[in-house]
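Thanks for coming, everyone. I would like to walk you through one structure this morning, beginning with the ligand and then moving outward to the chain.

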Amino acid sequence: MSDVKRIGVLTGGGDAPGLNAVIYGVTLAAHRRGWEVYGIHTGYTGLLDTDKITRLTPERVTGIVSQGGTILGTTNKGNPFKLPVKNAAGEMEYLDASDRIVQNFRRLGLDVLVAVGGDGSLGIAHRLAQMGIPVVGVPKTIDNDLAATVITFGFDTAVSTATEALDKLHSTAAAHERVLVVEVMGRYAGWIALNAGISGSADAILIPEIPFDINKVCAKISDLELAGKGYGIVVVAEGAKPRDGGLITREGAEAGRQEVLLGGIGEWVAKQIAARTGKDTRSLVLGHLQRGGTPTTFDRLLAVRFGAAAVRFIAEGKRNVMVASRPPDMAAVPLAEAIDHMKSVPLDSDSVLTARDLGICFGD
Ligand code: F6P
């Protein structure tokens, strides 16, 4: 018999379609066991300013499974170990507010914290676990870059959105005999670019795992022309980099943000293609479109399963673990292991081999 009576749930980091489905799964599975569920708002900051904590009931979460975003709100600037605050002189300083999180967690009478997040938020969960907060993590990221889990929810939706965009771009690119360069998200991993690029019939896919030679990408575009195809579609992961260059990041890192903001490589590639091939070339950044909207059925199911599994593991007495998808099951892996390393696209994976079989250029 579990001695759990009250659990908290929060969503941290960038949102991903399916977060509400996790909240739904957690709430219903906990309610069935007679536990109370409290929704903590805006990531870990909701455990500093506890005013907005709300009770989650089956009635409250009815209908949220199909909604994108998160009813709890989220932030990627809420690391309690390095919280940005302005001092009297208006300068930004960083505070360690983790003790207050632990105190508030205990004051609220919470037994376990379900932390839904990516590597950053799960890393914070791990540190809080070491300070005595019993935690169960749920992996979330559209980037699909967490090694401990076979898949994360949000990824399928992001790939579907990117693929739909590519489908639409073919006709306008063909009409103008242009090259269209599409920059997609994914941080330091090429999963979104690879899966959407193959599904959306791209001619070239540039991913962080394969530093590219721009001359080879341009040669591919010229080959298309010679073969009678007047247009080209190039998918570029935001973390892709040329062989002789580095990552392109955006200026002005925001205070409290753990990660640099990637972006700009698509435009760089487009300019190079235009200059070197003489082809009319345009670039676009799909950006947050990939994070928005209704989760696909695949993501909803996966997310609800993650939520229910988190509660099941809590009931089984598991703590300081992350729920991991290990088809056909869910597994509980130690948090330390879960945040240990990222999952890159293996260069010998079937998807990479498939792309090569189709003649898709990786610029290598
Ligand atoms: O990790 C998810 C992600 O969407 C990345 O693909 C992207 O680099 C980043 O978050 C964007 O962050 P923000 O929402 O802060 O612009």
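Which residues surround the ligand? Before I answer, please keep in mind that what you see is a predicted model. The ligand is surrounded by N76, I142, D143, M185, G186, R187, E238, R257, L261, H288 and R291. If we sort this shell by class, we find 3 nonpolar, 3 polar and 5 charged residues around the ligand.

Let me now turn to individual distances, taking three of these side chains one after another. In E238, a polar side-chain atom lies 2.5 Å from an oxygen atom of the ligand, while for D143 the distance from a side-chain N or O atom to an oxygen atom of the ligand is 2.6 Å. For N76, the corresponding distance between a side-chain N or O atom and a ligand oxygen is 2.9 Å. As for how much of the ligand is covered, it has 400 Å² of accessible area on its own, and the protein covers 85% of that. The place where the ligand sits is the largest pocket.

Stepping back to the whole chain, we count 11 helices and 13 strands. Its radius of gyration is 22 Å, close to the 21 Å that the globule rule gives for 364 residues, so the chain is as compact as a globular protein of that length. Along its principal axes, the C-alpha trace spans about 70 × 55 × 35 Å.

I will finish with two points of backbone geometry, for which some background helps. Most residues other than glycine have a negative phi, and most peptide bonds are trans. R187, which we met around the ligand, has a positive phi of about 55 degrees although it is not a glycine, and it is found in the loop between strand 8 (179–184) and helix 6 (191–199). The peptide bond from P327 to P328 is cis, with omega near 5 degrees, and P328 has its place in the loop between strand 12 (321–326) and strand 13 (329–334).

Note on methods. Residues are numbered from 1 along each chain as its sequence is written. This is a predicted model: local features need pLDDT of at least 70, side-chain atom pairs count only at pLDDT 80 or more; totals for chains, interfaces and linings use all residues. Side-chain values use heavy atoms; hydrogens and water are left out. A residue is near a molecule or strand if one of its heavy atoms lies within 4 Å of it. A polar contact is a pair of N or O atoms within 3.5 Å; within protein, one must be able to donate a hydrogen and the other to accept it, and residues adjacent in sequence count only if both atoms are side-chain atoms. Accessible areas come from the Shrake-Rupley method with a 1.4 Å probe; for residues, only the protein chains shown count as cover. On a 1 Å grid over the protein atoms alone, a cavity is a set of points where a 1.4 Å probe fits but cannot get out, and a pocket is an open set with protein on both sides within 12 Å along at least five of seven lines; lining residues have an atom within 4 Å of a point. A molecule sits in a cavity or pocket if more than half of its atoms lie within 2 Å of its grid points. Ala, Val, Leu, Ile, Met, Phe, Trp, Tyr, Cys and Pro count as nonpolar, Asp, Glu, Lys and Arg as charged, and the others, Gly among them, as polar. Helices (H or I, at least four residues) and strands (E, at least two) are DSSP runs, numbered from the N terminus. The radius of gyration is taken over C-alpha atoms; the globule rule is 2.2 Å times the number of residues to the power 0.38.
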